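I opened my notebook for a walk through this model, one lookup at a time. Here is what I wrote down.

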Amino acid sequence: MSKINITTKFKGWRGMHRFILVLGILALLICIGTLSNFHSFRTTSVISSTFCNCSNPTTSFSRQEFEIKATLATLTQKVQQEIDSLRELTNETPSPTRYAIFLADILGLVESVQMSISPDHEARDQEDGEYKVVHPMYSGTGQKEKKHDELAKFFAIEEIRKYVRIKPNRLKKQNFMGANGTFTSIGHACFAMKKDLEEYMEYDVGDICNDDWKLAQKLMVHGCDPLPRRRCFAIAPKLYTKPYPIDQAMWRLPDDKNVRWSRYKCKSFSCLARNSTGKGFFKCLDCFNLTDHEMFRWIKPFYQDPNSNLTADFTIPEVLKIIKPGEIRIGLDFSVGTGTFAARMKEYNVTIVSATINLGAPFNEMIALRGLIPLYLTINQRLPFFDNTLDLIHTTRFLDGWIDFVLLDFVLYDWDRVLRPGGILWIDSFFCLKEDLNDYLEAFKMLRYKKHRWIVVPKLDKHHDQEVFFSAVLEKPPRPF
């Protein structure tokens, strides 16, 4: 009986302890509010916007006051939510992890207010006579630090602010790369897509993320890339099943249960396989049809006119004969497809990473369920490979005549960067208008690669008098030329 009483008292004490904790946080809020009013006069000389060099102290004051009030409102809301959740608990004991996340959020908000009102985070720029917020780990060498805090203040969602701010090393020392903190980055175009990014980052920490991959892809395609990391769990299909074994998965449509179909017109792989209504990417209408379409690609050439040998296709055995056996081992397929090129190259002991995005269909999921490696990557982004590391880059039906000439230059130079000397660049059925052909060919000639295959043929399916196909197999030379 006494043990039961002791246990009851202990639980009651823990409940009282949590209640006291919440009251303490509320008291802290009141103190911060008082301090923010007391120190608000210091904000009049702080530049309040990265994109506007406003010298009006009233504007600076209003901006800073608004930010502090917004942060305090967020603090109050989070504490109130925690109080409500405690009231709903009966005999359940909240997990320590939940309280750790809650307190970390509160601490982050308190620190953001503290940084706004503390004189320790202001420094005088002697060159232009204005106060500027500088990195808290400022070395004092006179170098102008990146004003990450000012960038963070551009956004209203606290999760974005936390992500963008510099994370100082805990030991207050520089690491082996000479950095005294972690500088997390987001694409510069994110600042032009403030509303969309804030929608993407508005979630409950530790909870399930929204089913918002389409919003994320919209941000990426429009240049907000790389996206910030998030502290929520990616939503998964409700009835996920184990993928098929590797010996079955390569040429078999995957189980529909393993994809979230909510954002697609088609709701199954069989729908995509018989697709003739434009429900997937228009250049890849047949690429989910593994048996009747994909099975023969890069093994048998496709002849545009059955009565002639007119084709822009090169076969894999034909291309691999160019290099000594075994010298092509790893590579990248930068196309829109379901991984068939990688599947075929695997039969020749070549590992291919397939870079694509989900344009109207689950391309990344399909590639992974076939036992291959998808790389979720837009054409805006620098390739995440080190210099001179890949043996092969292949592209088909994506890098075509829609691309701007300057953008093509940047892409080709980046591909050249990651290809090793002697590596192969396989341009597969690049199509464009006849009038643009010479300009595009000059871009490829600029690389000064050795030409193993080089062919231009008319495109006969439509507008055959206006469009052409270009295919080439090129070898990167050693440098200098």
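**Entry 1: a cut-off first, then odd backbone angles.** I call a residue buried under 20% relative accessible area, exposed over 50%, and partly exposed in between. The model is a predicted one, and I kept that in mind throughout. With the cut-off noted, I looked up N388, which has 42% relative accessibility and therefore counts as partly exposed. N388 sits in the loop between β7 and β8 (390-396). Its phi is near 55°, which is positive although N388 is not a glycine.

I then checked R448, another non-glycine residue with a positive phi, about 60°. R448 belongs to the loop between α14 (434-445) and β10 (450-458). Its relative accessibility is 57%, so R448 counts as exposed. Why did I bother to note these angles? Because most residues other than glycine have a negative phi, and most peptide bonds are trans.

That reminder sent me to the peptide bond from D225 to P226, which is cis with omega near 10°. P226 is in the loop between α7 and α8 (246-249).

**Entry 2: the whole chain.** I stepped back for the totals. The protein chain has 14 helices and eleven strands. Of its 481 residues, 44% count as buried. I also looked at contacts with a separation of 6 or more: 65% of them come from residues 24 or more positions apart. The accessible surface is about 26900 Å², and carbon and sulfur atoms hold 57% of it.

**Entry 3: around α7.** Which residues of helix α7 (residues 213-221) are buried? I found W213, L215, A216, Q217, L219 and M220. The buried residues of α7 pack against α6 (194-200) and β7 (373-376). After the helix comes G223, with a positive phi near 100°.

In the loop between α6 and α7 I met I208. Its relative accessibility is 48%, so I208 counts as partly exposed. I208 joins F233 and I235 in a nonpolar patch on the surface, and together they have about 280 Å² of accessible area.

Helix α6 itself gave me E198. Is E198 buried or exposed? At 13% relative accessibility, E198 counts as buried. A polar atom of the E198 side chain lies 2.7 Å from the backbone nitrogen of A156. Neighbours within four places in sequence aside, E198 is in contact with F155, A156, I157 and I160.

**Entry 4: a serine in a strand.** I looked up S354, in strand β6 (residues 351-356). With 3% relative accessibility, S354 counts as buried. Leaving aside neighbours within four places in sequence, S354 has contacts that include D333, G339, I367 and P374.

**Entry 5: aromatic rings.** How many aromatic pairs does the structure hold? My tally says 18. The one I looked at is F430 with F470: edge-to-face, 6.5 Å centre to centre, with 75° between the planes. The pair links distant parts of the chain, as F430 is in strand β9 (residues 419-433) and F470 is in strand β11 (residues 467-475), 40 residues apart. Both F430 and F470 are buried. I also noted a cluster in which ring pairs link W213, W261, Y264, F269, F288 and F363. W213 came up earlier among the buried residues of α7.

**Entry 6: salt bridges.** A search of the whole structure turned up 17 salt bridges. I picked three of them to look at.

- E294 and R297 form one, with the closest N and O atoms 3.3 Å apart. E294 is buried, with a relative accessible area of 1%, while R297 at 24% counts as partly exposed.
- E318 and R453 meet at 3.1 Å, N to O. E318 lies in helix α10 (residues 316-320) and R453 in strand β10, so the pair ties together parts that are 135 residues apart in sequence. E318 is partly exposed at 27%, and R453 is partly exposed at 30%.
- R420 and D391 have their closest N and O atoms 2.5 Å apart. R420 is in strand β9 and D391 in strand β8, so this pair ties together parts 29 residues apart in sequence. Both R420 and D391 are buried. Salt bridges with shared partners join R329, D391 and R420 into one network.

Notes: Residues numbered from 1 in each chain as written. Predicted model: local features only at pLDDT ≥ 70, side-chain atom pairs only at ≥ 80, totals over all residues. Heavy atoms only, no water. Buried < 20%, exposed > 50% of the residue type's maximum accessible area, 1.4 Å probe, protein only. Helix = DSSP H or I, 4+ residues; strand = E, 2+ residues; numbered from the N terminus. Contact = heavy atoms within 4.5 Å. Patch = residues over 30% accessible without salt bridge, like charges linked within 9 Å, V, L, I, M, F, W, Y side chains within 5 Å. Areas by Shrake-Rupley, 256 points an atom, 1.4 Å probe, with all protein chains shown as cover. Salt bridge = Lys/Arg side-chain N within 4 Å of Asp/Glu carboxyl O. Polar contact = N/O pair within 3.5 Å; in protein donor to acceptor, adjacent residues only side chain to side chain. Phe/Tyr/Trp six-rings, centres within 6.5 Å; stacked < 30°, edge-to-face > 60°.
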